[in-house]
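Here is a short note for a colleague who is opening this structure for the first time. Please keep the sequence and the model side by side while reading the points below.

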Amino acid sequence: MELAKVGCWFSAKKKKKVNFAEFDSILRKHGFQLVEIDFSNFEEQGPFVAIVHKITDMMIEAMHGSEVASRNVQRIQSYIDRNPKLLMIDPLEGIRKPPTESLIHSPTFTLLTSTNHEELKQQIRSANVKYPFVCKRNIAHGVESHEMSIIFNEDGLSDVNPPCVVQTFIDHGALLYKIFVVGTRYHIMKRPSLRNFSDTRWSNHPTIFFNSHHISSCDSAPSKLSTLEDGDIPPREINEDLVNKLVQNFNQEINMTLYGADIIVCGTTGKHYIIDINVFPGYDGVDDFYQQLSNHISTHVQTS
């Protein structure tokens, strides 16, 4: 008996982090086989009962003018439209449309596209972005996607390299919480993060450049940028009730079930902030990720 097909598509970078053999082996125990989607003969590879993907990478390429990416996004959308029972992990409409409300705050931010100093100042003021702020390139992947800076004052605006997103920096005691979600289950992982910078003694500091992967990955070495000094406000513990409600909100409102959220907790106020959301993250530290994902697929295919 031929096994039902679970299609998958990932960018070249993401493929390096996916253990296809392990994923396929576990899926087969559930009665499925894993098929890597090839858009040159996509229709012939099916039919699929589910598709696991990170098509956000392709969608971003399409937004930046790639005709090939645009055609492939249209092809998979057409396939979805013709197969309403197909399980998409996750639905494209959910990825395109973030939740309208969140139980957790978001730091003020704006997308900068100009190089004009006065225009930058006006846009930052209009968006209520405060100094210091984090500046990150508006690109989805590649080495440069991890290259960021902390800008402390107007003099630092000369270091802005648009297009980029700037986001008010919130002191959080050098501790980042990574939330990895699979279906209705979630995992909270602690990661090192940037030290506190809101003290007035930093107000005249020149721009600090850093690579976020070197600061907050699971194997990051301690550095001056991630080490608190005596007298700094220490980190606070995350409120798991808020995380649980957030996961339920994402699941119910936009049907997101496979994503990661980066959350920080302000050491002064205790407010929780989402500073980033990633579709199909790396799940570093979640040892049984492929088992959980396979269980999720099996449950939803059987009930659809």
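Which residue follows α9, and what is the sign of its phi?

1. The model is a predicted one, and the question above concerns the end of helix α9, which is followed by asparagine 255, a residue whose phi is positive, near 60°.

2. The length of α9, which covers residues 240-254, can be checked: at 1.5 Å a residue its 15 residues should span 21 Å, and because the C-alpha atoms at its two ends are 21 Å apart, the model agrees with that expectation.

3. Within α9, the buried residues are Val243, Leu246, Val247, Asn249, Phe250 and Ile254. They lie on the same side of the helix, because the arc that they cover around the axis is only 160°. On the face turned away from this buried side, α9 carries Asp241 and Gln252, which are exposed.

4. At the start of α9, the backbone nitrogen of aspartate 241 has a side-chain oxygen of asparagine 239 within 2.9 Å of it.

5. Turning to the interior, the largest nonpolar core has 62 residues, and those with the most contacts inside it are Val52, Leu258, Ile263, Phe289, Leu293 and Ile297. Strand β9, residues 175-182, gives the most to this core, contributing 6 residues.

6. Phenylalanine 289 touches Val182, Leu258, Phe280 and Tyr283, if residues up to four places away in sequence are not counted. Apart from the largest core lies another one, of 12 residues, among them Phe169, Trp202, Ile208 and Leu225.

Methods. Residues are numbered from 1 along each chain as its sequence is written. This is a predicted model: local features need pLDDT of at least 70, side-chain atom pairs count only at pLDDT 80 or more; totals for chains, interfaces and linings use all residues. Side-chain values use heavy atoms; hydrogens and water are left out. Helices (H or I, at least four residues) and strands (E, at least two) are DSSP runs, numbered from the N terminus. The expected span of a helix is 1.5 Å times one less than its number of residues. Buried means under 20% relative accessible area, exposed over 50%, partly exposed in between (1.4 Å probe, protein chains only). The arc is that of the directions from the helix axis to the C-beta atoms. A polar contact is a pair of N or O atoms within 3.5 Å; within protein, one must be able to donate a hydrogen and the other to accept it, and residues adjacent in sequence count only if both atoms are side-chain atoms. A nonpolar core is a set of buried Ala, Val, Leu, Ile, Met, Phe, Trp, Tyr and Cys residues joined through side-chain atoms within 4.5 Å. Contact means heavy atoms within 4.5 Å.
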